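Colleague: I am a first-year student, and I would like to learn how the words used for a model are justified. Could we go through some of them together, slowly?

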Amino acid sequence: MASVNGNILASPSSDPNGPLFYKGWYHFFYQYNPNAAVWGDIVWGHAVSKDLIHWLYLPLAMVPDQWYDANGVWTGSATFLDDGSIVMLYTGSTDKFVQVQNLAYPEDLSDPLLLKWTKYSGNPVLVPPPGIGAKDFRDPTTAWKTSAGKWRITIGSKINRTGISLVYDTTDFKTYEKHDTLLHQVPNTGMWECVDFYPVSKTKVKGLDTSVNGPDVKHIIKASMDDTRIDHYAIGTYYDSNATWVPDNPIIDVGISIALRYDYGKFYASKTFYDQHKGRRILWGWIGESDSESADVQKGWSSVQGIPRTVVLDTKTGKNLVQWPVKEIESLRLTSKKFHMKVGPGTVVPVEVGPAAQLDIEAEFKIKKDNLEVIFGDDSVTDDKEFSCETSGGSTVRGALGPFGFSVLADQSLSEQTPVYFYVTKGKDSKLKTFFCTDTSRSTKANDVVKPVYGSFVPVLKGEKLTMRILLDHSIVEAFGQGGRTCITSRVYPTKAIYGATKLFLFNNAIDATVTASFRVWQMNGAFIRPYSADDVDA
Ligand code: DQQ
């Protein structure tokens, strides 16, 4: 176990499960194998935090000790009932490897740590319905209220190659009525894991509790695509009366390859919850490793959890979500320095911040071409199929107006570096389009590591400057473009650019444009992440 900026390291952890806030503590449960650094023997790990940043491990919450979860206590979600009590629904892989849904609840609601969990004696509460494969029925969502006052949940599955989301209503979480219709389905997307379904406000920058509905509300469906390991989301309208959801734009429906993603890097099996304490919706994603399974076995752990992010609909575009690291991460900020630098075409300059392995960077950029300021417009809110970060060749390939940005986790000679950058193109229609990318191809001298170029289109509206934020923590690069409209998380493993030898550079690889960057860089403290002790009672 290591202690780094706000990231929980376990051995190995994967999907976030049942996050919730209760009696002063944030609770985080997670898929966890206590016996090896590879997937298997899955139990629910449990940790608590007062601030989402510093974490205390508690004893395992649930382990496979019943026939209906003998092969794993898999992913699930929490629901607060009207009286303030909590129910947890989770998938069990039975002694015969059938995926069923089970009910559990805290043994003692007066315990703020929710240490003990009771599995309902009538489990399983749901088995795969006719027509659904025994191994294609998993990951129940948090329940929301119907207009008739019942609770409703959705569960991911597939029929042939069509990814689907089944719907059930219940009043007591013990017996359920299945809807004949589906919440949603998309052909050729395969199994939908870890479906998430929640409302977002069309007008206000605030989170909504899961049962909120009305004219000012849109609904998000997120599904984790088992085939591609991508978390895709789509924005649409939910119809309470027939328990269905219709996407705003079917071209970018959930799971379609050009559909929106929470994150264009490593980010999977994510889950949101409504934080009633601060009135926000928080998104959590599992960030896996980019090296091999044998490397994980050797180091004895794998995977981290990302810094929790607030998530809202982008009220300016209405076409994408906006994600931002929770405000509490700022409590790890130490000293900072402000910079204002002009970089001409083809320039790389060191940024003197001292050791650069744990940083928070907030930057804005202006580009000038032929002495004319480049103006972005609303019409840039379309994708440009002519450019793609993934296939562009990375940050060394020069264009008229980009790439430019930061080379992070770099050594002095730049033999190792991970550039995080903007690339502005003129589309077929000669309108400007902006892309936000992270190039991990030169991030390490190590072999046995997958080193892609990640990224995507990022909407930039008229009058906006280009902005990015980067959170760095040794092997973790969490990048947020344009206030969090496009996000990229990567895992990189420098061999020379480590600890005190880690440097930060600003670069402009454009052929034709001068870039002015105004930015602030904070040194970041590590968070404490350790087992809970009795002294923490009054923490
Ligand atoms: N992980 C869990 C499943 C889920 C998958 C098993 C997604 O419930 O579908 O560990 O990573």
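Colleague: Why does Ala269 count as buried or exposed, whichever it is?

Modeller: Before anything else, please keep in mind that this is a predicted model. A residue is called buried if 20 or more other C-beta atoms lie within 10 Å of its own, and Ala269 has 23 such neighbours inside 10 Å, so Ala269 counts as buried. Ala269 has its place in strand β19 (residues 268–275), and Ala269 is also among the closest of the residues that surround the ligand.

Colleague: What makes the backbone of Ala269 worth a remark?

Modeller: The phi of Ala269 is near 55°, which is a positive value in a residue other than glycine. Ser303 can be described in a similar way, with a positive phi of about 80° although Ser303 is not a glycine. Ser303 is found in the loop between α1 (293–299) and β21 (304–305), and because 26 other C-beta atoms lie within 10 Å, Ser303 is buried.

Colleague: Why is Arg530 called partly exposed?

Modeller: The label partly exposed belongs to counts between the limit for exposed, 12 or fewer, and the limit for buried, 20 or more. Arg530 has 14 C-beta neighbours inside 10 Å, and therefore Arg530 counts as partly exposed. Arg530 lies in strand β37 (residues 529–531), and although Arg530 and Ala47 are 483 residues apart along the chain, their C-alpha atoms are separated by 9.2 Å.

Colleague: How do you know that β4 and β37 pair, and in which sense do they run?

Modeller: Two strands pair if at least two bridges are found between them, and β4 and β37 have three bridges, in the parallel sense. One of the residue pairs here is Trp55 with its bridge partner Ile529 in β37.

Colleague: What joins strand β3 to the strands β2 and β4?

Modeller: Strand β2 (residues 25–32) is joined to β3 by seven bridges, and these two strands run antiparallel. Four bridges join β3 to strand β4 (residues 55–62), and this pair also runs antiparallel. Ala47 lets you follow the connection across the strands, for Ala47 is the bridge partner of Phe28, and in β4 the bridge partner of Ala47 is Tyr57. Trp44, in turn, stands opposite Met62 in β4. Between β3 and β4, which form a hairpin, there are five residues, and Leu52 in the turn has a positive phi of about 70°.

Colleague: What makes you say that strand β3 is mostly covered?

Modeller: Seven of the seven residues of β3 (residues 43–49) are buried, that is, each has 20 or more other C-beta atoms within 10 Å.

Colleague: How do you know which residues have the most contacts inside the largest nonpolar core?

Modeller: The largest nonpolar core has 144 residues, and those with the most contacts inside it are Ile221, Val408, Phe422, Phe435, Ile470 and Val477. This core draws at least three residues from each of domain 1 (13–325) and domain 2 (328–524). Two residues are in contact if their C-beta atoms lie within 7 Å, and, leaving aside neighbours within four places in sequence, the contacts of Phe435 include Phe387, Cys389, Phe422 and Tyr423. As a general background, nonpolar side chains tend to be buried together in soluble globular proteins.

Colleague: What do the two domains contribute to the contact between them?

Modeller: The C-alpha centres of domain 1 and domain 2 lie 31 Å apart, and the contact takes 28 residues from domain 1 and 29 residues from domain 2. On the side of domain 1 that touches domain 2, strand β23 (residues 321–325) gives the most, with four residues. The residues of that side divide into 13 nonpolar, seven polar and eight charged.

Colleague: What makes the peptide bonds before Pro124 and Pro403 notable?

Modeller: The bond from Asn123 to Pro124 is cis, with omega near -5°, and Pro124 is found in the loop between β8 (117–119) and β9 (144–145). The bond from Gly402 to Pro403 is likewise cis, with omega near 5°, while the place of Pro403 is in strand β28 (residues 401–410).

Key:
Residues are numbered from 1 along each chain as its sequence is written. A residue is near a molecule or strand if its C-beta atom, placed from the backbone, lies within 6 Å of it. A nonpolar core is a set of buried Ala, Val, Leu, Ile, Met, Phe, Trp, Tyr and Cys residues joined through C-beta atoms within 7 Å. Domain bounds come from an automatic or database domain assignment. Ala, Val, Leu, Ile, Met, Phe, Trp, Tyr, Cys and Pro count as nonpolar, Asp, Glu, Lys and Arg as charged, and the others, Gly among them, as polar.
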